Amino acid sequence: MAQIGLFDIVGPIMVGPSSSHTAGAVRLGLAARRILGSEVKKAQIELHGSFAATYWGHRTDVALVAGLMGMGMDDERIPQALELARAAGLEYSFTAADLGDVHPNSVRMRVEGEGDAITLCGSSIGGGRINIFELNGFQISLDGSFWVLMTKHRDTPGVIAEVTKVLAIHGINIAFLDVSRTTRGSDALLLAQTDDPIPELAVEHVRRIPQVLTVRTLPRF
Amino acid sequence: MQITSAVQLLELAAERRQSLAGVLAEYEAFRGNTTVEAVRERMGETLAVMRTSVQKGQEDEGKLSHLITGYGRMFAQADAEGRLLGGALFKKAILYALSVGQYNASLGRIVACPTAGSCGVVPGALLAAAEELGSSDEELVDALLVMGGVGIVSAAQGPISGAEGGCQAECGVASSMAAGAIVYLAGGAAEQVFAAASLALQSHLGLVCDPLASLVEVPCVTRNATSAAIALTAANMALAGIPAVVPFDEVVGAMKSIGKALPESLRETSLGGLAATPTGRRLAREMRERYSL
């Protein structure tokens with residue numbers, strides 16, 4: 001049985017009104033920004049299920065944009081997030097969508113920065129906890145409680161071994177490892193969730209692996 | 001170290017010859033891979049956020065809430081004009097709980113305890129009691145640690161969300177946490193802490209989660225105030241030595257069974273209970289029309 005955190009019960013500290021529809025939504029937006037790795041210029045946001053039905057009451061829209069602006073779930077600027085986004089030149093749109101058989105509090109976001117863009121699907125699963133379950137078409141599972149090393153690479157033998165070897169050399173323990181691809185031999189995604197932060201030197205080593213196309217790290221969020 | 005039940009937590013404290021607060025601080029330090037001092041410091045910061053939410057909740061008129069506005073101001077004004085009944089402690093608990101609950105609905109920064117929907121109960125009951133008792137911040141941090149322990153014991157054995165267990169699992173658990181913490185703050189024995197928690201939860205069993213128009217406003221905010229009052233009542237009964245008869249762990253078990261027996265319409269879906277009354281339906285329709293995507 002997992003140990004229940006004292007500050008999960010007496011907390012989290014958050015901007016109201018709802019841990020699932022507000023705090024979790026801020027974290028989903030923040031996750032998208034962190035994965036994009038730069039300032040968000042444009043966001044097309046599709047709300048599913050309970051998010052679509054009750055977003056206005058819990059300010060799920062405001063919360064998602066607050067996260068995209070880089071705010072955490074206890075940031076007191078959250079109520080002004082839409083105004084701040086417009087002032088910062090962040091274009092956003094909201095539509096309702098059916099994302100299929102997923103958690104009722106789910107969202108799909110296409111987020112663009114300077115030159116780069118990602119599409120991400122995630123759910124707010126209660127108490128401010130989240131799960132990112134799709135990234136650029138790849139199935140993943142990411143809740144923000146670990147450090148992350150993410151690579152896009154050619155789907156060829158040995159790449160996973162090379163990447164995990166680099167982490168081992170740097171003394172980084174992998175808590176969870178996801179590997180995903182769209183079709184055989186195409187581009188694939190590796191997502192290692194680690195107990196320790198990943199130093200720049202390790203990232204540089206991974207980048208030198210020939211089949212690796214891009215590398216990105218994420219802090220916990 | 002694991003905490004699985006009130007019985008087990010009390011045994012743990014007895015074995016280690018430690019106070020409940022001491023055990024809880026060590027539990028969290030071990031779990032979070034940190035120190036007891038860091039845990040206490042973080043709890044101190046949590047206390048500061050609670051206090052700020054009490055203050056700001058009284059100043060905020062509910063600018064961003066939909067159905068409720070000015071509850072804190074109305075209550076304080078009525079008190080100042082001598083229109084209310086009861087002693088200072090109860091009035092203060094009601095004022096604080098209403099203010100924090102409304103502040104949450106108005107996008108204020110609060111401590112979810114255990115949930116955002118029930119965030120006014122603990123600041124209401126516990127902070128009012130602490131002012132009455134003249135407790136120090138150190139004593140309050142101890143009480144908040146113990147309070148977290150009551151919450152962990154509930155979460156280990158039952159639901160702590162309206163979607164799973166109804167309002168008994170939100171305001172009910174919050175009220176039992178506050179009741180236990182007040183007894184601890186007032187110098188009650190460890191067993192009395194859980195007697196108070198048990199009594200408070202007993203008074204919430206069966207309470208459904210039926211918010212109007214899917215908002216955390218009606219009846220949530222006023223329910224936070226009544227749950228704070230129940231916490232004070234339960235704490236007083238426990239301090240008087242009145243037994244809970246049914247131990248806290250068993251009451252949590254009862255809450256869990258009741259939660260399972262509740263139809264989905266009474267578990268945070270806004271399809272039953274108060275949400276399904278003519279008034280509830282009308283307000284939901286008005287909100288939908290105003291905001292549909």
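Reader: What makes up the open sheet of chain A, and in which order do its strands lie?

Author: In this predicted model, the open sheet holds 6 strands in the order 3-2-4-5-6-7 of chain A, and its pairing is mixed.

Reader: Why are strand 3 and strand 7 of chain A said to stand at the edges?

Author: Strand 3 (91-96) and strand 7 (138-142) of chain A each have a single partner strand, so one side of each lacks a neighbour in the sheet. From one strand to the next, the twist averages 20°.

Reader: How do you know that strand 2 and strand 4 of chain A pair?

Author: Pairing requires at least two bridges between two strands. Strand 2 (residues 42-48) and strand 4 (residues 105-112) of chain A have 7 bridges, in the antiparallel sense, and therefore count as paired. Among the bridge partners, A:L47 is matched with A:V107 of strand 4, and A:Q44 with A:R110 of strand 4.

Reader: What makes strand 4 and strand 5 of chain A a pair?

Author: The criterion is again at least two bridges; strand 4 and strand 5 of chain A are joined by 7 bridges in the antiparallel sense. One of the partnerships sets A:S106 opposite A:S123 in strand 5 of chain A. The hairpin of these two strands has 4 residues between the strands, and A:G115 there takes a positive phi near 85°.

Reader: Which strands does helix 4 of chain A touch as it packs on the sheet?

Author: Helix 4 (residues 60-68) of chain A touches strand 2, strand 3 and strand 4 of chain A, and its direction makes about 140° with that of strand 2 of chain A.

Reader: Why is helix 6 of chain A called roughly antiparallel to helix 7 of chain A?

Author: The axes of helix 6 (residues 159-169) and helix 7 (residues 200-207) of chain A cross at roughly 155° and come within 10 Å. Angles over 145 degrees count as roughly antiparallel, so helix 6 of chain A is roughly antiparallel to helix 7 of chain A. The crossing of helix 6 and helix 7 of chain A is right-handed.

Reader: What residues meet where helix 6 and helix 7 of chain A are in contact, and how do they divide into nonpolar, polar and charged?

Author: From helix 6 of chain A, A:V163, A:V166 and A:L167 meet A:A202, A:H205 and A:V206 of helix 7 of chain A. The residues of this contact divide into 5 nonpolar, 1 polar and no charged. Val, Leu and Ala count as nonpolar, whereas His falls among the polar residues; the 1 polar residue is therefore A:H205.

Key
Residues are numbered from 1 along each chain as its sequence is written. Chains are lettered from A and ligands numbered from 1 in the order in which they are written. This is a predicted model: local features need pLDDT of at least 70, side-chain atom pairs count only at pLDDT 80 or more; totals for chains, interfaces and linings use all residues. Axes are lines fitted to C-alpha atoms, for helices over the stretch in contact, and angles run from 0 to 180 degrees between N-to-C directions. Angles under 35 degrees count as roughly parallel, over 145 as roughly antiparallel, 65 to 115 as roughly perpendicular and the rest as oblique. A crossing is left-handed if the near helix is turned anticlockwise from the far one by less than a right angle, and right-handed if clockwise. Two residues are in contact if their C-beta atoms, placed from the backbone, lie within 7 Å.
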